[in-house]
Amino acid sequence: MSQNRIRQINEEIRRELSRLIPTLKDPRISGLVSVVRVDTSGDLGLCRVYVSSLDGAKQAVKGLESAAGYLRTEIGGALGLRHTPKLQFIADDSIAQGAHILDIMNKLGETSE
């Protein structure tokens with residue numbers, strides 16, 4: 001499959017997951033959970049979804065893994081793909097790292113004044 005088509009599918013999956021995740025009722029998926037990146041294999045067999053959360057991405061990943069069947073079904077219906085890829089969720093702590101760096105910068109700004 002062409003790289004352009006894979007990029008389009010990645011973006012559509014990311015958009016759908018971003019819409020669906022806030023509707024999940026699992027308590028492990030609390031706070032702000034962001035879909036950082038989506039990488040789909042060329043044969044559409046596997047989709048790696050990188051998620052980040054301020055409340056802990058590892059807990060959110062466990063909750064998302066338990067809801068993977070539901071999310072896969074919803075994505076398949078929304079995108080109209082013949083074969084919907086299996087979803088694999090991976091914790092990405094980039095939001096937490098960014099918040100930590102911002103906190104350090106704010107503290108440095110306070111001490112320099």
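These are my notebook entries on the fold, sheet, helices and core of one protein chain.

**Entry 1: overview**

I am working from a predicted model. I started with the secondary structure and found four helices and three strands in the protein chain. Reading along the sequence, I noted the pattern α-β-β-α-α-β-α. I then looked up the extent of the C-alpha atoms. Along the principal axes they fill a box of roughly 60 × 35 × 20 Å. The protein chain has 113 residues, and 34% of them are buried. I also checked contacts between residues at least 6 apart in sequence; 65% of these join residues at least 24 apart. For the surface, I read about 7100 Å² exposed. Carbon and sulfur atoms supply 51% of that area.

**Entry 2: the sheet**

In what order do the three strands lie in the sheet? I found 1-2-3, in an open sheet with mixed pairing. Strand 1 (33–40) and strand 3 (86–91) are the edge strands, each pairing on one side only. I noted an average twist of 25° from one strand to the next.

I took the pairings one at a time. Strand 1 and strand 2 run antiparallel to each other, over seven bridges. Here I picked out valine 38, whose bridge partner in strand 2 is valine 49. Strand 2 (residues 46–53) pairs with strand 3 in the parallel sense, over six bridges. On this side I marked valine 51, which stands opposite alanine 91 in strand 3.

Next I looked at what packs on the sheet. Helix 1 (residues 3–20) does, and it touches strand 1, strand 2 and strand 3. I read an angle of about 155° between the direction of helix 1 and that of strand 1.

**Entry 3: the hairpin turn**

I went back to the link between strand 1 and strand 2. They form a hairpin, with five residues between them. Leucine 44 sits in this loop. I stopped at its backbone: phi is positive, about 60°, although leucine 44 is not a glycine. Most residues other than glycine have a negative phi.

Is leucine 44 buried or exposed? Its relative accessibility is 10%. The cut-off for buried is under 20%, so I entered leucine 44 as buried.

**Entry 4: helix 2**

Which residues of helix 2 (residues 57–66) are buried? I listed Ala57, Ala60, Val61, Gly63 and Leu64. I looked down the axis of helix 2 and saw these buried residues fall within an arc of 165°, so they line one face of the helix. I then checked what covers them. The cover includes strand 1, strand 2, strand 3 and helix 3 (68–79).

**Entry 5: the core**

I looked up the largest nonpolar core and found 25 residues in it. I wrote down those with the most contacts inside it: Leu17, Val49, Val51, Leu64, Leu71, Leu87 and Phe89. Where do the core residues come from? Helix 1, helix 2, helix 3, strand 1, strand 2 and strand 3 each supply at least two. Helix 1 gives the most, with five residues.

I followed one core residue further, leucine 71. Setting aside neighbours within four places in sequence, I found leucine 71 in contact with Leu17, Leu20, Leu24, Leu64, Leu87 and Phe89. Leu64 also appears in my list of buried residues for helix 2. Val49 and Val51, from the pairing notes, return among the core residues with the most contacts.

Notes. Residues are numbered from 1 along each chain as its sequence is written. This is a predicted model: local features need pLDDT of at least 70, side-chain atom pairs count only at pLDDT 80 or more; totals for chains, interfaces and linings use all residues. Side-chain values use heavy atoms; hydrogens and water are left out. Two strands pair if DSSP finds at least two bridges between them. Axes are lines fitted to C-alpha atoms, for helices over the stretch in contact, and angles run from 0 to 180 degrees between N-to-C directions. Contact means heavy atoms within 4.5 Å. Buried means under 20% relative accessible area, exposed over 50%, partly exposed in between (1.4 Å probe, protein chains only). The arc is that of the directions from the helix axis to the C-beta atoms. Accessible areas come from the Shrake-Rupley method with a 1.4 Å probe; for residues, only the protein chains shown count as cover. A nonpolar core is a set of buried Ala, Val, Leu, Ile, Met, Phe, Trp, Tyr and Cys residues joined through side-chain atoms within 4.5 Å.
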